[in-house]
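Thanks for coming. I will take a few minutes to walk through one structure, and you can follow along on the screen.

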Amino acid sequence: MPATPHRVPVRQVVAFVVIAFVLFWVVSLPLWLDERGLAAPYATPLIAGAMFSPTVAAVVVTLWQRRSLLDGLGLRSTSGVRRVVELALAGLLITVLVVALSWLLAGFLGVGRFDLSMPGAEMLLGGAPVDQLPQGMTPKRLFWVQLISGLIAGATINALFAMGEEMGWRGWLVPALLPLGRVPAMLITGAVWGLWHAPVMLIGYNYPGSPRPLAMTLMVVFCIGFGTVLAWLRMRSDSVVPAAVAHGVLNAIVSLTVVFAANGDLDWGIASPMGMVGFVIMLPVAAAMLRQSWDPVRHRALDPKA
């Protein structure tokens, strides 16, 4: 459990939020000025770089507090390496289960259908013709290859980029808000995290085709739910590493939802793991973690070895 301050450092919290938000808006501005928007060839690396704006904000306020960066960013754990590794694996499994169960529920409800026919396969290939597949590689095999490689990349390369967000939100902000109680700290951080995505959400990121106000609402709800999972991993391990692994895995495999778009059509606001179907699976998981984290005595620490 991160060390609990005696009171919320209000000035530093405000500074952290302002810096993280302003940096993301500034970095995202070229996407607003370019008529291609998210289709611009530099969009993906730009957004990947913007993921580090919460870390920049956390570094500034940690230095302001004259604290060690290792402590301020959640990089020093008192729970031991084994505990961190166990919870990183738990975060990976929880994320995979939430995504997989969301896919199954979407198929059961008929709002998404696993489709590796021509449209589904081409979407899996990013629009490339199916006949470009290597000899012996079928669309079904390609799906499993991409899923497995996504899990590996999610827990390694993607996790490094996810650390750019996690060192800020779960590394610094969650502990800073702990005087309010663990549950409020988890929920507030998730809501702020969701609103932080506005620069890209308002130009169609994650929920293409959805009205922008609906997309923002869905993103905030998702970030509160999934952010609760990430905050729980952070507090149980006293490290941001498990949260970064779970976050990285989500980013790596959620895009495979395209193969559930029958005839190339998918309502991401409804049928994706980050949409309404996903909420049915994820929110009960988040609620269980909130219940487990509830403590009527605000400042009592949760033993990370429990």
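Let me start with Ile270, which sits in helix H13, residues 268-271. Keep in mind that this is a predicted model. Is Ile270 buried or exposed, or somewhere in between? Its relative accessibility is 32%, so Ile270 counts as partly exposed. Ile270 also belongs to a nonpolar surface patch of about 560 Å². The other residues that make this patch are Phe108, Leu109, Val111, Leu214 and Met276.

Now the chain as a whole. The protein chain has 14 helices and zero strands. If you read along the sequence, the pattern is α-α-α-α-α-α-α-α-α-α-α-α-α-α. There are 306 residues in the chain, and buried residues make up 52% of them.

Two of the buried residues are worth a look. The one I take up now is Phe226, in helix H11. Phe226 has a relative accessibility of 5%, and because the cut-off for buried is under 20%, Phe226 counts as buried. Which residue is paired with Phe226 here, 59 residues apart along the chain? That is Val285, and the C-alpha atoms of Phe226 and Val285 are separated by 9.0 Å.

Next is Ala252, which has its place in helix H12. At 17% relative accessibility, Ala252 counts as buried too. Along the chain, Ala252 and Ser149 are 103 residues apart. In space, 8.7 Å separates the C-alpha atoms of Ala252 and Ser149.

That leaves the pockets. How much space lies in the largest pocket? The figure is about 950 Å³. The lining of this pocket consists of 28 residues. Nearest the centre of the pocket lie Ile47, Tyr205, Asn206, Asn251 and Val254.

Which helices supply at least two residues each to that lining? They are helix H2 (43-50), helix H8 (157-177), helix H9 (182-196), helix H11 (212-237) and helix H12 (241-253). Helix H2 gives the largest share, with four residues. Two names on that list have come up already: H11 is the helix that holds Phe226, and H12 is the helix that holds Ala252.

As for the character of the lining, 19 of its residues are nonpolar, eight are polar and one is charged.

To recap, we have a helical chain with zero strands, a nonpolar surface patch that includes Ile270, and a largest pocket lined by 28 residues. I will stop there and take questions.

Technical notes: Residues numbered from 1 in each chain as written. Predicted model: local features only at pLDDT ≥ 70, side-chain atom pairs only at ≥ 80, totals over all residues. Heavy atoms only, no water. Patch = residues over 30% accessible without salt bridge, like charges linked within 9 Å, V, L, I, M, F, W, Y side chains within 5 Å. Areas by Shrake-Rupley, 256 points an atom, 1.4 Å probe, with all protein chains shown as cover. Salt bridge = Lys/Arg side-chain N within 4 Å of Asp/Glu carboxyl O. Buried < 20%, exposed > 50% of the residue type's maximum accessible area, 1.4 Å probe, protein only. 1 Å grid on protein atoms, 1.4 Å probe; cavity = no way out; pocket = protein on both sides within 12 Å on 5 of 7 lines; lining within 4 Å. Points joined across faces, edges and corners; volume = space filled by probe spheres on them. Nonpolar A, V, L, I, M, F, W, Y, C, P; charged D, E, K, R; others polar.
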